Amino acid sequence: MILITGANGQLGHDFQRIFKEKNLDFIATDYKELDITNIDTVREFIKDKNINLIINCAAYNNVDKAEEELEMCYKLNTYAPRDLALVAKEIGADYITYSTDFVFDGSKNTPYTEEDIPKPLSVYSAAKAEGEKLALEAYDKSFVVRTSWVFGIANNNFNSATRFVMKSYDMLKVA
Ligand SMILES: NC(=O)c1ccc[n+]([C@@H]2O[C@H](COP(=O)([O-])OP(=O)(O)OC[C@H]3O[C@@H](n4cnc5c(N)ncnc54)[C@H](OP(=O)(O)O)[C@@H]3O)[C@@H](O)[C@H]2O)c1
């Protein structure tokens with residue numbers, strides 16, 4: 001059984017679609033069903049559900065607001081990914097969590113590799129970098145995927161964001 005957290009977001013939504021197509025057994029949760037910032041709730045929720053893979057799609061993604069909402073950002077992007085790794089270890093499940101290319105400062109002229117040392121420049125990216133580290137340290141079956149963009153149809157996606165920008169641009173042109 002696969003557990004998806006943050007399942008109403010872009011990535012979680014598409015995992016649900018793919019798992020349905022492939023007839024895979026999964027449980028989809030977002031913060032109303034399972035708040036990943038509370039490890040005891042997570043432990044209680046997964047009890048007796050025979051979970052063998054946890055995919056953490058939940059995150060705090062407001063890069064600009066994170067500068068003020070530091071505590072919330074660290075809760076979701078640092079400590080929750082670590083706690084999910086600990087829970088996965090307790091039940092022997094594989095564990096995947098997502099991070100970002102923002103863990104690097106972007107000054108390198110060649111492609112980044114797994115060996116490159118993160119140099120985060122913001123609260124969001126520092127929280128993500130620390131979350132990666134703690135998740136990997138907590139469990140040897142933790143896998144971290146760094147992505148620069150997620151292009152999905154759910155939640156605040158690239159399409160709805162760019163549509164807003166284009167609309168604002170058109171209004172400026174008219175003015
Ligand atoms: N979007 C991008 O372009 C991008 C770029 C680089 C890396 N990433 C990373 O890729 C992963 C997936 O991103 P995404 O775009 O699919 O994210 P998303 O659309 O923002 O989805 C995150 C989901 O987590 C939920 N959530 C918030 N707090 C929670 C909590 N306490 N417990 C459980 N769920 C909670 C959110 O609910 P609410 O929406 O109601 O808060 C939302 O449904 C994340 O780790 C993200 O940081 C994304």
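**Why these labels fit**

User: Why is Arg43 called partly exposed?

Analyst: Arg43 has a relative accessible area of 34%, and since buried means under 20%, exposed over 50% and partly exposed in between, with a 1.4 Å probe and protein chains only, Arg43 is partly exposed. This is a predicted model, in which local features need pLDDT of at least 70, side-chain atom pairs count only at pLDDT 80 or more, and totals for chains, interfaces and linings use all residues. Residues are numbered from 1 along each chain as its sequence is written, while side-chain values use heavy atoms, with hydrogens and water left out.

User: What makes Arg43 and Glu90 a salt bridge?

Analyst: Their side chains come to 2.7 Å, N to O, and because a salt bridge is a side-chain nitrogen of Lys or Arg within 4 Å of a carboxyl oxygen of Asp or Glu, the pair of Arg43 and Glu90 qualifies. Arg43 belongs to helix α2 and Glu90 to helix α3, so the pair ties together parts that are 47 residues apart in sequence. Glu90, at 47% relative accessibility, is partly exposed.

User: How do you know that α2 and α3 come together, and which residues make the contact?

Analyst: Helices (H or I, at least four residues) and strands (E, at least two) are DSSP runs numbered from the N terminus, and here α2 covers residues 39–46 and α3 residues 70–91. Their axes, which are lines fitted to C-alpha atoms over the stretch in contact, with angles running from 0 to 180 degrees between N-to-C directions, come within 10 Å and cross at roughly 30°. In the contact (heavy atoms within 4.5 Å), α2 supplies Ile39, Val42, Arg43 and Ile46, and α3 supplies Asp83, Leu84, Val87, Glu90 and Ile91.

User: Why do Arg146 and Glu132 count as a salt bridge, and is Glu132 buried or exposed?

Analyst: The distance between the side chains of Arg146 and Glu132 is 2.8 Å, N to O, so the pair meets the cut-off for a salt bridge. Arg146 sits in strand β5 and Glu132 in helix α4 (residues 123–138), so parts that are 14 residues apart in sequence are tied together. Glu132 has a relative accessible area of 6% and is therefore buried, whereas Arg146, with 31%, is partly exposed.

User: What makes Asp14 and Arg17 a pair, and which residues form their network?

Analyst: The side chains of Asp14 and Arg17 meet at 3.8 Å, N to O, as a salt bridge. Both lie in helix α1 (residues 10–21), and because they are three residues apart, about one helical turn separates them. Asp14, Arg17 and Glu21 are linked in a network of salt bridges, and a search of the whole structure finds 10 salt bridges.

User: Why is Phe151 called exposed, and which patch does Phe151 join?

Analyst: Phe151 has 56% relative accessibility and so counts as exposed; its place is the loop between β5 (142–147) and α5 (158–174). Together with Trp149 and Phe158, Phe151 forms a nonpolar patch on the surface, with about 360 Å² of accessible area. Such patches are made of residues with over 30% relative accessible area and no salt bridge, like charges being joined within 9 Å and nonpolar side chains (Val, Leu, Ile, Met, Phe, Trp, Tyr) within 5 Å, and the areas come from the Shrake-Rupley method with a 1.4 Å probe, only the protein chains shown counting as cover for residues.
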